[in-house]
Amino acid sequence: MAAVPSTVRKAAYDVVVCGAGFAGVSVARHLSEHHRLKVALVDPNAPLSLTSAVSTECYRDVWGNGAMQQLMRRSIDGMETLARESGNEFNMNRNGYLFVATDPGDPLPEAPAEWKLRRTRGRTRHCSGDDANGLHASSSSSSSSSSSPCSSQLYVPNVAVPTPDPHCEFLVNPDGMDLLTGEDVHRQFPFLARQSTHHRRNEEGKEGSNGITAAVHARRCGWLDSQGYGSYLLNRAKDHGVETWQGYSVSGIDVGNGRVKAVKLQHASSREVEVIEAPAFVNAAGPFARSIHALLPRDVEDPLGDLNLTNTLHAKVMLRDVHGVIPSHSPMIISADPIKIPWDEGELQGLLEANNEELEAVVTTTVSGLFNP
């Protein structure tokens, strides 16, 4: 068998980034634009073509974890800056997330504890300042003490008013969050199902309603054209010298004295091997991050171990709202209640016979559901 050709490129790059999805493209753009590093962006596929091509396309700053919330707020700051600079080329909005619940006893059973701190039955509270967790809440009829950041302001829905930058009108929408209960929910979002006289019992035998009884409107959330956003980042990265190695896979990582020395690449069709000397390597391989991490030599001291990441299955269904029931400026609607898909016996049997453990876990357990207008 003929030897596979190999080419050594000495000191060609400061950083090799593995994976040209959103994470890899964003890292490459940041390192080249803000740190003036020479970056190689490596992916066997076209940029933004694997999981990035089927993105949920959404963002939010409401999290139960304080560290995650700070990270996302910083990221959203950066996204909004890019929206201003580009004339909102990627159609970012701030329509919000609307978490809805049907349980009359506990309207938000799955919500983080801090969402419930300011809950007042039958009322909506509005706060103009941050609480201890960096969250806002909301109010239409309750008063607040002088020591509380809350004020007696009416709930304000999303607005679109003239601004100095007509492409970024969404930035005038409120941030924080609003908690609505009872009729307040349906007054603001009349397309949501009202509480009906028919009740059901969940798996624990607890009685529940078919209608929406409470909602949390998280404001600094929304969605964007993910492919437009990714393409904008990629073009900025290329403008600052990032070079793409499309068609190549990372096949090895050379390490010496505890530091990256070089990265081995192999072309998918020619099988040619390239060796790039670089002092830094970024694993942004998405669902393949574990296999890339496993390329580190066995004798390297690795604080991350086997990089215990789990990939989760997401599915999309496209529906045409031919009757215009839900306005296009509505927030993303997310069920705070667990959902179990009502498969009929034939469907369930067919899915289970596929003998796929991941699929079996999906069809036999509860799932979360969201609706993006």
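Begin by selecting C221 in this predicted model, where the residue has 0% relative accessibility and therefore counts as buried. Next, add C58 to the selection, which at 23% relative accessibility counts as partly exposed. With both cysteines shown, look at their sulfur atoms: the nearest cysteine sulfur to that of C58 belongs to C221 and lies 9.5 Å away, and C58 is in no disulfide. C221 is likewise in no disulfide, its nearest cysteine sulfur being that of C58. A disulfide would need the two sulfur atoms within 2.5 Å, and the count for the model comes to zero.

Now move on to helix α2 by selecting residues 66-86, a stretch of 21 residues that should span 30 Å at 1.5 Å a residue, which agrees with the 30 Å between its end C-alpha atoms.

Within this helix, colour Q69, M72, I76, M79, E80, L82, A83 and S86, which are its buried residues. Turn the view until you look down the axis of α2, and you will find that these buried residues fall within an arc of 155 degrees, so they line one face of the helix. An α-helix has 3.6 residues a turn, so residues three or four places apart point the same way.

Then rotate to the face of α2 turned away from the buried side, where the exposed residues A67, Q70 and R74 are carried. To see what covers the buried residues of α2, display the surrounding elements, which include α1 (22-35), β4 (58-59) and α4 (226-239).

Finish just after α2 by selecting G87, which takes a positive phi of about 70 degrees.

Key
Residues numbered from 1 in each chain as written. Predicted model: local features only at pLDDT ≥ 70, side-chain atom pairs only at ≥ 80, totals over all residues. Heavy atoms only, no water. Buried < 20%, exposed > 50% of the residue type's maximum accessible area, 1.4 Å probe, protein only. Helix = DSSP H or I, 4+ residues; strand = E, 2+ residues; numbered from the N terminus. Expected span 1.5 Å × (residues − 1). Arc of directions from axis to C-beta. Contact = heavy atoms within 4.5 Å.
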